[in-house]
Amino acid sequence: MSQVFDLHTHSTASDGILSPELLVEKASHVGINTLALTDHDTVAGLAAAQLAAKKHNISLINGIELSSQWDSKTIHIVGLNINVNSEAIINATVHLNQLREERAIKMGEKLKKIGIHGAYENAKRIAAGGTVTRQHFSTFLVENGHAKNQTDVFKRYLVNNKPGYASVEWPGLEETIAQINNAGGVAVIAHPLRYKITATKLRNMIKDFKALGGKAIEVVTGHNQSTEIQLATNYAKRYDVAASVGSDFHSGNTAWGQLGKLAVLPQGLTPVWELW
Ligand code: AMP
Ligand code: MN
Ligand code: MN
Ligand code: MN
């Protein structure tokens with residue numbers, strides 16, 4: 001049987017809509033046989049996902065999506081096949097969730113200043129014990145009629161220079177890659193074409209990433225077009241990094257169609273799963 005991979009997904013342990021169990025079940029139903037759960041800055045969903053994966057007879061790769069920064073820009077680094085009990089991962093998740101908590105409090109205060117009360121408390125309620133993200137603030141703002149949808153709410157409130165945005169000093173790329181490597185994992189640049197940086201900067205980022213011990217970039221993602229796949233393929237070849245495949249699935253409503261429905265990895269690349 002052919003292997004169908006999806007190595008970037010979210011559950012309710014961060015800002016996904018499905019519990020780890022339901023995510024695994026759905027993944028199995030759409031024909032994925034190797035799934036990575038990569039919640040933002042947490043491994044809390046992995047134990048439940050592993051149990052569900054056994055039940056559904058699919059392979060579950062322990063993953064995480066770490067918030068990081070390069071050249072003062074927030075970037076996301078996926079760690080695949082990590083040891084969840086390693087000191088490196090425990091330290092990383094504790095630190096990152098502390099930063100998230102501080103930022104969430106600031107976001108709540110900023111929104112209060114423009115007359116929106118209870119945003120922090122509600123974001124925490126919606127996160128329900130999982131990593132609190134801007135996604136949870138956006139859900140609250142939409143529910144309360146402050147914006148008509150997610151895209152609108154981010155644009156108007158939750159990005160740089162908007163009233164609900166608070167910046168955060170994420171750990172630098174070097175630290176993030178070291179944490180993943182120390183946890184025995186493979187570091188992957190998530191959605192490389194989604195950062196709002198020039199092509200030159202992106203190339204520099206990939207070069208730095210590789211020099212610091214990073215191993216792969218996502219070549220096929222849930223949102224990209226064939227021209228973007230081609231572009232990412234060229235980067236992977238040029239900088240000699242492996243290639244990953246991941247939908248970045250979050251939601252049953254909007255991106256649901258994307259789970260497992262990914263383009264095939266172009267020829268001539270080293271698939272990231274050959275690294276473990
Ligand atoms: P955070 O890591 O807390 O800054 O939140 C980032 C998350 O918010 C991403 O992983 C997405 O799930 C979501 N997000 C970011 N930007 C947008 C956007 N423009 N529209 C919808 N969701 C977004
Ligand atoms: Mn997210
Ligand atoms: Mn991301
Ligand atoms: Mn993601």
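**Exercise 1.** Which protein donors hold the manganese ion (ligand 4), and where do they sit along the chain?

*Solution.* Keep in mind that this is a predicted model.

Step 1: Look around the manganese ion (ligand 4). You'll find His8 (NE2), His10 (NE2), Glu65 (OE) and Asp248 (OD) as its protein donors, lying 2.1 Å from the ion.

Step 2: Now read those donor residues in sequence order, and you get the pattern H-x1-H-x54-E-x182-D.

Step 3: Pick out His10 and Asp248, which link distant parts of the chain, 238 residues apart. His10 is in the loop between β1 (5–6) and α1 (20–29), while Asp248 is in the segment after β7 (242–246).

**Exercise 2.** Decide whether His10 and Asp248 are buried or exposed.

*Solution.* The cut-off to use is that buried means under 20% relative accessible area. His10 has 0% relative accessibility, so His10 counts as buried. Asp248 comes in at 6%, so Asp248 is buried too.

**Exercise 3.** Work out the site of the manganese ion (ligand 3) in the same way.

*Solution.*

Step 1: Its protein donors are Glu65 (OE), His76 (ND1) and His191 (NE2), at 2.1 to 2.2 Å. Glu65 is also on the donor list of ligand 4.

Step 2: Along the chain, the spacing reads E-x10-H-x114-H.

Step 3: His76 belongs to strand β4 (residues 73–80), and His191 to the loop between β5 (186–189) and α8 (199–211). The two are 115 residues apart, and both are buried.

**Exercise 4.** Find how far the manganese ion (ligand 2) is from ligand 4 and from ligand 3.

*Solution.* From ligand 4 to ligand 2 it's 4.8 Å; from ligand 3 to ligand 2 it's 5.7 Å.

Technical notes. Residues are numbered from 1 along each chain as its sequence is written. Chains are lettered from A and ligands numbered from 1 in the order in which they are written. This is a predicted model: local features need pLDDT of at least 70, side-chain atom pairs count only at pLDDT 80 or more; totals for chains, interfaces and linings use all residues. Side-chain values use heavy atoms; hydrogens and water are left out. Donors are N, O and S atoms within 2.8 Å of the metal (3.2 Å for Na, K and Ca); water is not among the atoms, so sites may look incomplete. Helices (H or I, at least four residues) and strands (E, at least two) are DSSP runs, numbered from the N terminus. Buried means under 20% relative accessible area, exposed over 50%, partly exposed in between (1.4 Å probe, protein chains only).
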